[in-house]
Amino acid sequence: MNNECPAVFDDLYTSSVGAIVRSQTHYFDDTVRQIIETSVIPKGEPFTVGDYGSHDGSSSKDILEHLLGALKQNHGEDLPAHIIYEDTANNDFNALVKKVFCNWRESLNHQKVYLSMCPTSFYEQCVPDNTFHVLLSFWSVHFLPSSVSYKDSLNTFPDGSRAECDAMAALACDGWQRFLLIRAKEIKSGGCMLLITPAQDTDMKYGESRVHLQNLWVAMTTVWRLLRDLKQVTECEYEAANYPGYYRNEEELRAPFRDDASPVVKAGLRIKSLTLSHEKVHILTQRLKDIEQETEDKDDLESSVSKFVSAIRSWTEYMFMQALSSRSPSSRRDVVNTFYDLLVEHIKQQDISTCEWDNVIAYLVITKM
Ligand SMILES: C[S@@+](CC[C@H](N)C(=O)[O-])C[C@H]1O[C@@H](n2cnc3c(N)ncnc32)[C@H](O)[C@@H]1O
């Protein structure tokens, strides 16, 4: 790789949400160790890893460093490694290029590491059959190819109707099977997929809360309603904002693997491990604790909430942009800016020090026979 990088590229996502997800990927350390110890790579063949729904590539950094560093040590620097970063064509691939380029310059400087970008939805086949030894996808497979139209909610939570939630569950069921069947083609026999996805703990087997990020969706829905009540968005635009994400429960994640006759099992995929875990998003609360202890500086509180909302904005903004698509670009931009400004104010008015952003997260290891 050419190592000229003018400055370390940074952005809010990388240092906030990206850093949290990157720390979660250490859950897979044992699995990665096994991959390193057991991978058989015929001479001349590249070791190929994908990061699907990669956004800026920051969350897969630690795993890739560990995996490729150890494989190069075991098999020699000559081992070619190919990393394919995938996301939708709307993703900011320019940010990804800068981020990956600078990350790798800083941390891993091997010969024969080849990078590719793939701007294709993961509901389509993205690479030829039998490409991947390892496929990573973090916080992405909960995105569906479409959403239902919620009458008075942005998501199933807080106020999706029974019928809307059932329709979304059906879309999520189809989407999961479709995602898995395409991946079964792309992953080599003996390869595997490591997934982290926000989930639902329907039966509260793993803790007190059932839902994921509940306070976030209450806050976002409250502010979107406020814009409608202030007549800054029409009723039609209000209803057109729908989040195409769904938090599957354990039963729904396991469903395509339950029956030997299911297409996913027939295609060779198996769940090696599936763990649900309750985790707090410390993006806001931990930072605030630090501030309270260290400075009690109100400016820091402001910037901490703004930073949190900017990170959330990176994966929620497009649903408002779509809902406002009949407007001029500048009018759309104004409304969306107002929405996120109001969201910052709304969050600051809450008792933030006690406000937890509760997560239920599923960690999955899926192998291909
Ligand atoms: C919350 S971000 C997670 C980014 C990164 N993997 C991480 O863990 O920090 C979700 C990503 O999934 C991508 N995504 C959503 N739907 C997708 C699809 N159908 N195909 C590929 N990527 C998709 C989004 O564009 C976004 O970059």
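Here are four short exercises on the predicted model shown above, each with a worked solution.

**Exercise 1: Getting an overview**

Find out how many helices and strands the protein chain has, and what share of its residues is buried.

*Solution.* Start with the secondary structure: the chain has 13 helices and eight strands. Next, look at burial. Of the 369 residues, 51% are buried. Now check the surface: about 16700 Å² is exposed, and carbon and sulfur atoms supply 50% of that area. Last, see who touches whom. Among contacts with a separation of 6 or more, 83% link residues 24 or more positions apart.

**Exercise 2: Two cysteines**

Work out why Cys126 and Cys118 don't form a disulfide.

*Solution.* First, recall the cut-off: the two sulfur atoms must be within 2.5 Å. Then check the distance. The cysteine sulfur closest to that of Cys126 belongs to Cys118, and it sits 4.5 Å away, so that's too far for a bond. In fact, the structure holds zero disulfides. What about burial? A residue counts as buried under 20% relative accessible area. Cys118 has 9%, so Cys118 is buried. Cys126 has 15%, so Cys126 is buried too.

**Exercise 3: Placing a proline**

Locate Pro80 and list the residues it touches, leaving out those up to four places away in sequence.

*Solution.* Begin with the address: Pro80 is in the loop between α4 (61–75) and β2 (81–87). Its relative accessibility is 16%, so Pro80 counts as buried. Now for the neighbours: Pro80 touches Gly44, Glu45, Pro46, Phe47, Lys112 and Tyr114. Take Glu45 from that list. Glu45 and Pro80 are 35 residues apart in sequence, yet their C-alpha atoms are 7.0 Å apart in space.

**Exercise 4: Salt bridges**

Compare where the partners sit in the salt bridges Arg22–Asp62 and Lys348–Glu345.

*Solution.* Here's the basic idea: side chains of opposite charge can pair when their charged atoms come close. The cut-off between nitrogen and oxygen is 4 Å, and a search of the whole structure finds 19 salt bridges.

Step one: in Arg22–Asp62, the closest N and O atoms are 3.6 Å apart. Arg22 belongs to helix α2 (residues 17–24) and Asp62 to helix α4, so this pair ties together parts 40 residues apart in sequence.

Step two: in Lys348–Glu345, the closest N and O atoms are 3.3 Å apart. Both partners lie in helix α13 (residues 329–349), three residues apart, which is about one turn of the helix. Lys348 is buried, at 19% relative accessibility, while Glu345 is partly exposed, at 37%.

Note on methods
Residues numbered from 1 in each chain as written. Predicted model: local features only at pLDDT ≥ 70, side-chain atom pairs only at ≥ 80, totals over all residues. Heavy atoms only, no water. Helix = DSSP H or I, 4+ residues; strand = E, 2+ residues; numbered from the N terminus. Buried < 20%, exposed > 50% of the residue type's maximum accessible area, 1.4 Å probe, protein only. Contact = heavy atoms within 4.5 Å. Areas by Shrake-Rupley, 256 points an atom, 1.4 Å probe, with all protein chains shown as cover. Salt bridge = Lys/Arg side-chain N within 4 Å of Asp/Glu carboxyl O.
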